[in-house]
Structures are given as C-alpha cells and as structure tokens.
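Reader: I should be grateful for a close look at one part of this structure, namely its salt bridges. Please explain which residues take part and where they lie.

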Amino acid sequence: MKKIFVFAALAIVAVQSKAQKAATLDTYIGAQLATEDLNGTARYVGMGGAMDALGADISTMGTNPAGIGLFRRNHVSASFGLGIQSDGKSFGDGSKTTPSFDQIGFVYSMRTGRSSFFNFGFNFHKSRNFNHVLSAAARAINGSSQNRQTTIKGINGDFDVNLYGENMVDNLYLESGMIEDEKGVVYTVDADDYTFNRAQTGYIGEYGVNLSGNINNRVYLGLTVGFKDVHYDSYTLYDEMLLSYTDPNMDYVAMEDNHKITGTGFDIKAGVIVRPVEESPFRVGLSVASPTFYKLTTKNFTTINFNATVKGLPAEVYMDGDDKADFRFNTPWKFALSAGHTINNELALGVSYEYADYSTNDMRIITGSGYDWYGDYYDNSDSDPVMKAHTKRTLKGVSTIKAGAEYKIDKNVAVRVGYNYVSPMYKSDGVRDLTLACPGAYMASTTDYTNWKSTNRLTAGVGLYFDQFRVDLAYQYQMRSGDFYPYMDGLSAQYIDDATGKIVTLANQCAPVEVKDNRHQLLCTLSYNF
C-alpha cells in the first residue's frame with residue numbers, strides 16, 4: 001500500500017451535497033445513441049440495405065424517402081425476428097438470445113396522373129437495438145486500479161464539484177474512506193486483476209411519416225419526418241481483486257452501476273431518385289438527413305462494496321449514490337448516394353454509399369427553461385465546448401457501403417444476398433477522458449470505454465409471393481471487434497513520498513482487451529398489397 005499526503009480539503013469537497021446543474025453525457029455514450037443498426041423489413045435486410053435507389057420497400061422511408069414514391073399500390077407490412085449474440089453470455093437482465101418486434105407500417109398510394117402518383121406512408125422500426133452483453137477480464141499492469149485513477153485525479157486537482165457536480169465513481173471512493181483517512185492521507189491500493197460485465201437492453205424506436213410521389217415515372221421525390229423514442233438500460237458490475245499488505249487473503253472492490261437514458265428526438269430526411277434515361281430502368285438516388293435533435297434524461301444508481309481489511313475498517317463497506325439530469329444531444333448530418341438497376345424484372349441490383357461525421361456529435365447543456373406566451377414549455381441549451389472538443393479528438397467520419405442483389409427464380413420465389421460495411425467511428429488512440437472540466441466527465445458513473453473497429457455484415461434472404469400476400473425471410477451476420485479499457489490509460493501524477501521525501505511518479509497503465517460483438521439475426525416480414 002502506498003500513502004500520499006494531499007490536501008484534506010479534497011475530502012470536504014467530495015462529501016458536499018449532491019445538488020447539481022443540468023448535465024450532459026460524454027463522447028462514448030453519445031456515440032451509442034447516434035448510430036443505427038441494419039434493420040427493417042426482411043427484404044431490405046436481405047439485400048444489405050442497398051435499396052435506396054431501387055425503392056418500393058417501406059424501409060427506404062428512413063434512408064431515401066423518395067423510395068416510397070415507387071409504390072403503385074397500397075401496402076401494409078410487419079416484421080419480427082430473433083437476435084443471437086454468438087460470443088455473449090447471459091448476465092443480469094441481458095441475454096444472448098432475444099426476440100424482437102422490428103417494424104410495422106403502411107403506404108397509401110393515390111394516382112394523380114397517367115404515370116404519376118402521390119403516396120403517404122407511416123412506418124415504425126427499431127433503428128437501434130441496445131441488447132448486448134459485454135465481458136472482459138485481465139491482469140492489472142504494475143498494480144494499476146480504478147481507485148488509483150481517483151487518487152491520481154485528486155493529486156492533480158481534477159475535482160471541482162462546486163461547478164460541475166460529482167463524479168459518481170470518484171465520489172464513492174472518497175466518501176467510503178477506502179482511499180483516504182481522517183488525516184487526509186490518501187492511499188492507493190494495488191490491484192491484481194479485474195473482471196467486467198455489462199448487460200445492455202432497450203432500443204431506439206423511430207416513427208416515420210412520409211410524403212412522396214413521382215413525376216411521369218422519371219423523377220421520384222420524398223420527405224420523411226421522423227420521431228424517435230429512446231429506451232436505454234445498462235447494468236454494469238466491475239470487480240477488482242486487490243493486493244492486500246495487511247491480510248494474506250485477497251481483498252476486493254465491486255462497483256455496480258444501473259444506468260438509464262430515456263427521451264425523444266426528431267429529424268427530417270429528404271431524397272430524390274431519377275431515371276436518367278427514359279428507356280432504361282437504371283436509376284440514381286440522393287438523400288440527406290438532418291441531425292436528430294434529442295432531449296434526454298439520464299439516471300443512474302451506483303454502489304461500491306469492498307473488503308476493507310487493508311485499512312483495519314469493518315470487513316464490508318457499502319456505499320451508494322444516484323444522479324438524474326436532463327440534457328440535449330444532436331447527432332451529425334448524413335448524406336447518401338445510391339444506384340439501382342433491374343434486368344427483365346428478374347434481377348435487381350443496388351449499391352449505396354452513406355457518410356456521417358460523428359466527430360460533430362453535439363452534447364448540449366440545458367441553460368434555462370420556462371413557458372412561452374402560449375403556455376408551452378421550452379428550454380434553452382448551449383454546446384458543451386469541452387466535451388465537443390473531446391468528441392472531435394476521439395470520433396471521426398464514418399462511411400457505410402451497401403451492396404445487394406435479388407433474383408426471381410420464378411414469379412413466386414425470389415432469393416437475395418447483401419453486404420454491408422461500416423468503417424470505424426473511433427480513432428485508435430481514443431480515450432474516455434474523465435479529467436475534463438465538464439459535466440459529462442464529472443458526473444460519470446463508470447470509467448470503462450471500448451474503441452470499436454469496423455463492422456461487417458453478411459446478409460441473405462428469400463421472398464415467397466402468394467398473389468397479393470408475401471412472406472419474406474432474412475438472415476444477417478454481423479461481425480465487429482474492439483479494444484476494451486476498464487479505465488483511462490496513461491493517467492499519472494507526481495507526489496512526494498512521506499517516508500523518503502523523494503518525488504515519485506504514480507501511473508495508471510491499462511492494456512486493451514479485445515472484445516467481440518458477433519451476432520446473428522433472423523427476420524420475418526409479412527406484407528400485403530392491395
């Protein structure tokens with residue numbers, strides 16, 4: 001056990017009341033809220049999502065709204081499926097196998113001319129499925145530990161709860177007495193190894209309202225207004241086995257965190273599809289999506305439980321705390337270019353390219369609220385400049401490439417294949433920096449982060465046609481891996497050793513652990529045209 005003398009005022013600051021200002025979340029949580037899955041109808045998924053220019057599928061309402069303009073008849077559909085995380089294990093409320101209701105919607109088509117239509121559509125689909133179980137374990141490097149991160153932050157003066165609220169992890173360590181005694185002596189207890197488990201559940205549901213149509217069967221236009229509903233639940237259990245200097249048995253510390261995010265958002269999408277040559281079915285598409293403007297509430301309940309024999313305290317110490325805050329969050333603009341072609345009404349080919357710069361994710365602090373002249377509630381918000389700069393250093397632009405094909409074996413059976421690639425969002429040297437002077441860092445209730453790499457999706461499907469009724473089936477296999485860190489790597493501080501009087505550098509090193517997110521999806525869509 002190492003002892004470091006720091007200002008006793010640190011303890012006074014740490015145990016102040018939990019009154020707080022409106023707060024934001026950080027870069028890594030925001031990245032999860034901003035991304036989308038490949039999901040929708042079984043036909044759309046079976047072709048890898050490459051239907052932005054081909055159209056006539058209700059899922060294009062959320063990618064290129066002009067695709068709804070290719071419907072010539074009324075249409076209703078519903079989709080449901082099963083997700084399986086191949087490398088996961090059941091933990092908490094998380095399960096490696098989860099059923100899902102993924103989509104339901106309709107299109108009402110009206111002829112406005114000999115070869116022109118005006119269509120109205122509504123569709124619900126899960127744009128993001130949070131169901132995921134993450135597990136990691138490793139030996140500590142040179143005794144590095146989560147409590148050492150708090151100690152280093154205290155030495156460097158990275159606490160200012162008067163301005164920003166309380167970091168839940170640091171606050172629990174300080175209040176528990178594990179790393180500081182009544183004389184202001186701060187201890188750092190070395191760790192031997194750690195285990196980490198997290199179960200995420202929930203989803204982002206998107207409700208789209210679409211207006212679309214075509215001009216002389218050559219130009220197709222569409223507009224979709226989307227409303228989003230966020231339900232994010234996370235349960236985390238982090239365990240460290242500590243090296244005891246006064247007890248021959250291992251000591252432990254366990255940090256539990258229950259985190260929920262709820263709220264709503266909206267965006268607007270516009271698109272166009274054009275057939276350049278009248279005699280050819282080849283068409284190109286262009287679409288743009290505004291940022292999603294979210295208003296969200298974050299809640300957490302966090303506990304620390306540990307064996308404290310290293311300090312002669314009672315064998316078990318248990319502390320808990322909770323926070324709740326409202327914030328706003330804006331995702332980036334998205335742009336997409338696509339092409340599609342059909343041959344003899346038997347073969348359909350589609351490709352699409354989408355770009356979004358996630359380094360522009362915007363966490364916003366609510367600065368005030370009230371009611372306007374008409375009695376409607378409103379609030380004002382400003383960008384968090386510190387977290388915005390950190391996001392720019394950590395995230396980057398993402399390219400999504402979609403390619404797919406459909407071949408009709410006969411008039412009643414079609415087979416499909418697709419490929420979907422998403423480039424990495426995280427920079428390889430990205431760090432979840434909890435020393436930042438902003439609410440998103442000071443109010444963090446966990447310390448871990450994962451820099452996910454590229455995502456590859458392979459898809460296949462089949463369509464069965466029965467006059468006006470159709471059954472579509474699809475299979476999707478998603479592969480991605482990432483580098484997991486239990487806490488910030490490379491944080492360090494210098495102090496004067498009270499025994500020798502020499503300057504000593506205290507470092508917290510953390511080697512990444514490779515984690516995987518490989519999953520299977522089975523999807524079925526029932527649809528009817530009339």
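Author: The model discussed here is predicted. A suitable starting point is the salt bridge between Glu406 and Arg43, whose closest N and O atoms are 3.1 Å apart. This pair links distant parts of the chain, for Glu406 belongs to strand β17 (residues 397-410) and Arg43 to helix α3, 363 residues apart. Are these two residues buried or exposed? Glu406 has a relative accessible area of 5%, and because buried means under 20%, this residue is buried. Arg43 has a relative accessibility of 12% and therefore counts as buried as well.

A further salt bridge joins the side chains of Arg416 and Asp472, at 3.0 Å from N to O. Arg416 is found in strand β18 (residues 413-422) and Asp472 in strand β21 (residues 469-479), so this contact ties together parts that are 56 residues apart in sequence. Both Arg416 and Asp472 are buried.

The next pair is Glu36 and Lys334, whose side chains meet in a salt bridge of 3.7 Å, N to O. Here too, distant parts of the chain are linked: Glu36 sits in the loop between α2 (27-34) and α3 (42-46), while Lys334 is in strand β13 (residues 334-343), and the two are 298 residues apart. How accessible is each partner of this pair? Glu36 has a relative accessible area of 30%, and because partly exposed covers the range between under 20% and over 50%, Glu36 is partly exposed. Lys334, by contrast, has a relative accessibility of 14% and so counts as buried.

Glu36 and Lys334 also belong to a network of salt bridges, in which they are linked with Glu206, Lys228, Asp267 and Lys269. The count of salt bridges comes to 22, and the pairs described above are among them.

For comparison, one may turn to a part described by its strand pairing. An open sheet of three strands has the order β19-β22-β25, and the pairing is antiparallel. β19 (449-452) and β25 (513-516) stand at the edges with a single partner strand each, so one side of each has no neighbour in the sheet. From one strand to the next, the twist averages 35°. Strands of a sheet pair through backbone hydrogen bonds. Strand β22 (residues 481-485) is joined to β25 by four bridges, and these two strands run antiparallel. Phe484, for example, has Val513 in β25 as its bridge partner.

Definitions and conventions
Residues are numbered from 1 along each chain as its sequence is written. This is a predicted model: local features need pLDDT of at least 70, side-chain atom pairs count only at pLDDT 80 or more; totals for chains, interfaces and linings use all residues. Side-chain values use heavy atoms; hydrogens and water are left out. A salt bridge is a side-chain nitrogen of Lys or Arg within 4 Å of a carboxyl oxygen of Asp or Glu. Buried means under 20% relative accessible area, exposed over 50%, partly exposed in between (1.4 Å probe, protein chains only). Two strands pair if DSSP finds at least two bridges between them. Axes are lines fitted to C-alpha atoms, for helices over the stretch in contact, and angles run from 0 to 180 degrees between N-to-C directions.
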